[in-house]
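Subject: Structure handover

Hello,

I am passing on the structure we spoke about. Please open it alongside this message.

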Amino acid sequence: MKNNIVYTLFFVLFAAFETSAQVPQWAQDSLAFYEKKLASHISKDQLDEGKAVVGKIERAGSNSLDPVFFEFFERSLENKSYQSQDALMAELHKSLGMLEYFRGNIQAALSTFNDARLYYIKSDEKKMAAGMSMNIGVMQEKIGQYDSAISNYKLAEPVFKEFQDAKGLSNVYENLGLAYYQEDDFDLALRYFEQTDSLLNTYLDPNEIRWVGFYMNKHLVLFKMNRVEEGLKLLLKGFQIAETNKHDYYISKLGEMMGEV
């Protein structure tokens, strides 16, 4: 049985990405403009506006993974006028970590998310620091450091509880379930998935695509516990949601998983 794990990272919500056809031109024509715009905002103590510019550059860079975007972030992190701005440094590290993750450089992403967390702590942004703990945990799972991943997820748990953030907390519990699944502690993994299920039901529509990844993950645990029929029912529910949303990737993946069962 193949592992079709769906990891949950902590993303800051932005507007829709530009299409990939637009990005190369964006990189050629606009990166220098936005770099100047960022410098201008920071020189005028317009931190929020500066962080918004970093977000735009992250979105474009995530689509193209052109080396110019990595060079921009590395250059910005060495900018002495930025280094006294903890909140800006946190955003720059977070965005570079996302780009490293998207291009598959897990060790670089792990290191950069660690730096981002330290800067978020310095700037007293507790929720963002907790989000970086989540991302660090995902990177650690990907390289087999499951105990460390669990420790980082548990660092995030009380913060999301404090903020009464059901979405963040559901992600914590699902990622904990996955980590314990990887350690073959299926009873504990299922316990965390049940907590995830309860929280998702408080804010998700029954046909929301977010359910599909969760059902796939929970099925993996049930399969290992020889509760195959229960797991298959979840895959069928996920398949119906994927069809409702016309999500071709999940339709194909779920068909494959049901065929294996």
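Below is what was found in it, starting with the whole chain and going on to one helix pair, one residue and the salt bridges.

Please keep in mind that this is a predicted model.

The whole chain

The chain has 13 helices and zero strands. Its pattern along the sequence is therefore written as α-α-α-α-α-α-α-α-α-α-α-α-α. The chain has 261 residues, and 50% of them count as buried. If you take the contacts between residues at least 6 apart in sequence, 63% of them join residues at least 24 apart.

Helices H7 and H8

Helix H8 covers residues 146-162 and packs against H7 with the axes 8 Å apart, at an angle of about 160°. The two helices are roughly antiparallel, because an angle over 145 degrees counts as such. Their crossing is left-handed. On the H7 side, the residues that make the contact include Lys126, Ala130, Met134, Gly137 and Gln140. On the H8 side, Tyr146, Ala149, Asn152, Tyr153 and Phe160 are among them.

Gln140

Gln140 belongs to H7, which runs over residues 126-142, and takes part in the contact with H8. Is Gln140 buried or exposed? Its relative accessibility is 9%, and buried means under 20%, so Gln140 counts as buried. Which residues does Gln140 contact, leaving aside its neighbours within four places in sequence? They are Leu110, Gln145, Ser148, Ala149 and Asn152. With Ala149 there is a specific atom to look at: the side chain of Gln140 reaches the backbone nitrogen of Ala149 at 3.3 Å. Ser148, Ala149 and Asn152 also appear among the H8 residues in the helix contact.

Salt bridges

The count of salt bridges is 12. Three of them are described here.

One salt bridge is formed by the side chains of Glu125 and Lys51, with 3.6 Å from N to O. Glu125 sits in the loop between helix H6 (106-122) and H7, while Lys51 is in helix H2 (residues 47-64), so this pair ties together parts that are 74 residues apart in sequence. Both Glu125 and Lys51 are buried.

Another joins Asp197 to Lys218, where the closest N and O atoms are 3.6 Å apart. Asp197 is in helix H10 (residues 186-203) and Lys218 is in helix H11 (residues 210-224), so the parts tied together here are 21 residues apart in sequence. The relative accessible area is 17% for Asp197, which is buried. Lys218 is buried too, with a relative accessible area of 7%.

The third is between the side chains of Lys253 and Glu256, at 3.7 Å from N to O. Both residues lie in helix H13 (residues 248-260), and because they are three residues apart there, about one helical turn separates them. Lys253 counts as buried at 17% relative accessibility. Glu256 has a relative accessible area of 28%, which falls between the 20% limit for buried and the 50% limit for exposed, so Glu256 is partly exposed. As for networks, Glu194, Asp197 and Lys218 are joined into one by salt bridges that share partners.

If you want a place to begin, go to Gln140 in H7 and look across to Ala149, whose backbone nitrogen the side chain of Gln140 reaches.

Regards

Terms used. Residues numbered from 1 in each chain as written. Predicted model: local features only at pLDDT ≥ 70, side-chain atom pairs only at ≥ 80, totals over all residues. Heavy atoms only, no water. Helix = DSSP H or I, 4+ residues; strand = E, 2+ residues; numbered from the N terminus. Buried < 20%, exposed > 50% of the residue type's maximum accessible area, 1.4 Å probe, protein only. Polar contact = N/O pair within 3.5 Å; in protein donor to acceptor, adjacent residues only side chain to side chain. Contact = heavy atoms within 4.5 Å. Salt bridge = Lys/Arg side-chain N within 4 Å of Asp/Glu carboxyl O. Axes fitted to C-alpha atoms, helices over the stretch in contact; angles between N-to-C directions. Parallel < 35°, antiparallel > 145°, perpendicular 65-115°, else oblique. Left-handed = near helix turned anticlockwise from the far one by under 90°.
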